[in-house]
Amino acid sequence: MTVPAWASELITLYESGAAAQFLCYGNVNDRLLMPVAGGAQTLGSFTDFLLKVLLPRFDVVLSYDLGGGIRVLQGGEVFTQWPRFKEQPQLPRDPAAAVDLLGHYFRYIANRERLGRGRLQVACIVRSADLLAPAGVGGNDVNAIASQLRDWASDGLLSEHAIATFLVADNRNDLHPLVANNPRAASVKVPLPDAPTMAAALTALAPIYPTALRALAAEPTRPAAMLAGATLSAIEALLKTREYQRQPLNDEDLSALKKQLVEKDCAGLIDFIDPMAGGTRRTLDDLHGQDDLKRWLRQDLALWRANDLAALPMGYLLCGPVGTGKTFMVECLAGEAGVPVVKLKNFRDKWVGSTEGNLEKIFRLVHALGRAYVFIDEADQALGKRDGGSSDSGIGGRIYGMMAEEMSDTRNRGRIVWILASSRPDLIEVDLKRPGRVDVKIPLFPTGTPAESLRLLRALLKRRGLILADVESAALEPLLPIWLTPGAAEALAVKIYRTVKTDGLDVAAATRRCLDGYQPPVARAIMQFQIGLAVAEASDLAFVPAAFRAL
C-alpha cells in the first residue's frame, strides 16, 4: 500500500520510537486520497485517513474537539473497561477537564502495561488544537492545557508506551509555543495536492461524476497539472455542481476555475496575476525598450523550460521610480513564461500568530503549484525587518525570519521564483536582497530623452485609436518632457483622448494643448532620488540606459 510522503514520515517516526506526538498542520481540512481494497482509491477526511490507513490496528482511538468533546472512534469495548469510565461514564466537554481525563487514561494504559496486564495501542486525535491551546493567548487555563498537551509527549511514563497523539491545526504558528516548540513532538506538514495527486483524485472521482469529467477523465494528467494548488474539497464541490447542471468540464474552463478555487481557499491572501488582461496575452514584447533586459529574461525562461536549473535565479528585484511599470512587467513576464504568478496581498493580521499562519498558508499554496512566480509589491513594506521593534509586537521580525528562510531554500530553485518590487529598495533588508535570495536586480526607468517620451506617448495613443502622423510628431517632440514614466504617460494619453472627444480637436492639437504647462505627477527631486537608487541596485550596468548611468 502506497501512502503519501508525509504519512510515510509519520509512520517511520512512530515505529522507530523517535516520536509519539505529531503536530499535523497544513492541508488538514481537505479531502485526502485513501487506498481501498483492490488497489482503488477514494476520498476521505483527515480523521478518516488516520483511522483507516494509519491506525486500523490500534486497540483504542479517541478524539477531542471543542464542539464534540471526547469521542471513542475505535475500540469502545476496550475503553469502557477503564475503571474510571465505569464510575463516571459521562465524558467531559470542557477543555480543561477533557485534557485532564485523557491524561489520566494514558497513564492508566501505561501503568496497566507496567503491571504486566498486556500492551494496548492507544491513539488520540485532537482536532482544531489551535483553539484548545492557541498562540498569543495567556492565562492560567490556557497555559495549563498547553503544558498538559506537551507532557503527553515529554512524560517518560507515557512516551515509553504505545500511545500516539495527533494535534491537528491549520497552521503550526497558531499553536501555543509550549506545544509548537516541543522538541519531543514531530511536526508533520500535510501539503496541498500536487499534480500526480490531483490526477489520481480525478481518476478516483471519474465514476462518481461521469458527466462533469467526461472530457477530462481519459487523460487526467493534463487537467491535473492545470488544477494543482486547488484543494480536493474545492474540486469535489465543483464537480458536484457541474454534475448536477449536466455540464462537462473542458480545458478552457480550468485556468479560470483554478484561479477562483485557489483565491477562495486562500481567503483573500493572494491574487493570480492575469497575463490576459485586456483580452490578449501580454509578453515581453509589450515592454517599451529595455532590450538587454528582455534578452536576459528570455534566456532565463529558456533555461527554465529546458529544466537546466543551475543558472536560474532564486529571485528578481524590480526597482525604479513610482509609475515605471513594475506590475506591468510582471504581467508581461507571466504571459511570456506561461506559469502562474501569485501576488501576495495584505497577509498581516492584528491577532497574534495570525500573520505567521497566513504566511504558512501562502507557502503551502506556492509549493503545490509546481512552478510559479511569487510577486511581492511594495516589498520594502511587506517583508518586515530583522529588528521589528516593539511597535508591532515583533510581527515584522517574525515575517522577516519566515521570508528569509523560505526565499533562501535552494530546494525551490527552478520551482519558485521570487519577484520583489519597490521604489525604495534601500529600505529592504540587505539580507533579503542578497544573492541566493535575489540574484538579479532589474532597474526600471522613465524615458531619458524627448524622443523616447514621444514614442511611448504615440504607442499609448495608438491603443486608443488616436494616430499622430510623423510630421506632427516631429513638431511636438520638443514639447515632450523627459523622465516620463509609463504611468504618467498613460494619464497623459487619457487626458488627450478626453480632449479630442470633448473639445473636437484633432490629435495633434489636443496633444499640444495637454502638453502646454504639463506638470509631472512626481516632483523632480523625488524622481531623481529614486532613479539613483535603481541605478545603484542594478546587478548589471547593461540594464541601465546611458542617460542614467551618471546618476
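## A bridge between β10 and β13

Y316 has I419 as its bridge partner in β13. The structure is a predicted model. The strands concerned are β10, residues 315–319, and β13, residues 416–422; they run parallel and are joined by five bridges.

On β10 there is also pairing with β14: these two strands run parallel and are joined by four bridges. In β14, P443 is the residue that stands opposite C319.

## The sheet from β9 to β14

These strands belong to an open sheet of six strands, in the order β9-β11-β12-β13-β10-β14, with mixed pairing. Two strands, β9 (270–272) and β14 (440–443), form the edges, and each of them pairs on one side only. Between neighbouring strands of this sheet the average turn is 25°, direction ignored.

Is β14, at the edge, covered or bare on its faces? Both of its faces are covered. V440 and I442 are buried on one side, and K441 and P443 are buried on the other. In a regular strand the side chains alternate between the two faces of the sheet. P443, the residue opposite C319, is thus listed here on the side shared with K441.

## The sheet from β1 to β8

Another open sheet is formed by six strands in the order β5-β4-β6-β7-β1-β8, again with mixed pairing. Its edge strands are β5 (69–74) and β8 (185–190), each pairing on one side only. Neighbouring strands in this sheet are turned against each other by 20° on average, direction ignored. Helix α2 (residues 46–54) packs on the sheet and touches β1 (21–26), β4 (60–65), β5, β6, β7 and β8. The direction of α2 makes about 40° with that of β5.

Strand β6 pairs with β7 (residues 163–169) in the parallel sense, over five bridges. Within this pairing, F166 of β7 is the bridge partner of I125. Helix α7 (residues 140–154) lies across β1, β6 and β7 and runs at about 120° to β1.

## Two loop residues with positive phi

Most residues other than glycine have a negative phi. Which value does S128 take? Its phi is near 50°, which is positive, and the residue is not glycine. S128 sits in the loop that runs between β6 (122–126) and α6 (129–132). Its relative accessible area is 36%, so S128 is partly exposed.

E378 is another non-glycine residue with a positive phi, near 50°. The loop that holds E378 lies between β12 (372–376) and α17 (379–382). With a relative accessible area of 43%, E378 is partly exposed; the partly exposed class runs from 20% to 50%.

## Two buried leucines in helices

L202 is placed in helix α10, residues 195–205. It counts as buried because its relative accessibility is 5%, and the cut-off for buried is under 20%. Beyond its neighbours within four places in sequence, L202 is in contact with L213, P220, P223, A224 and I235. N182 is 20 residues from L202 along the chain, and their C-alpha atoms are separated by 38 Å.

L257 is placed in helix α13, residues 251–265. Its relative accessibility is 11%, so L257 also counts as buried. Residues up to four places away in sequence aside, L257 touches L238, R242 and L249. A230 and L257 are 27 residues apart in sequence, with a C-alpha to C-alpha distance of 9.4 Å.

## The chain as a whole

The protein chain has 24 helices and 14 strands. Its C-alpha atoms fill a box of roughly 100 × 55 × 45 Å along the principal axes. Of the 551 residues, 50% are buried. Contacts between residues at least 6 apart in sequence join residues at least 24 apart in 75% of cases.

What supplies the exposed area of the chain? About 25,000 Å² is exposed, and carbon and sulfur atoms supply 51% of that. The chain carries 62 positive and 62 negative charges, and the mean positions of the two sets are 1 Å apart.

Note on methods
Residues numbered from 1 in each chain as written. Predicted model: local features only at pLDDT ≥ 70, side-chain atom pairs only at ≥ 80, totals over all residues. Heavy atoms only, no water. Pairing = 2+ DSSP bridges. Axes fitted to C-alpha atoms, helices over the stretch in contact; angles between N-to-C directions. Buried < 20%, exposed > 50% of the residue type's maximum accessible area, 1.4 Å probe, protein only. Contact = heavy atoms within 4.5 Å. Areas by Shrake-Rupley, 256 points an atom, 1.4 Å probe, with all protein chains shown as cover. Lys, Arg positive; Asp, Glu negative; His and termini not counted. Charge placed at Lys NZ, Arg CZ, Asp CG, Glu CD.
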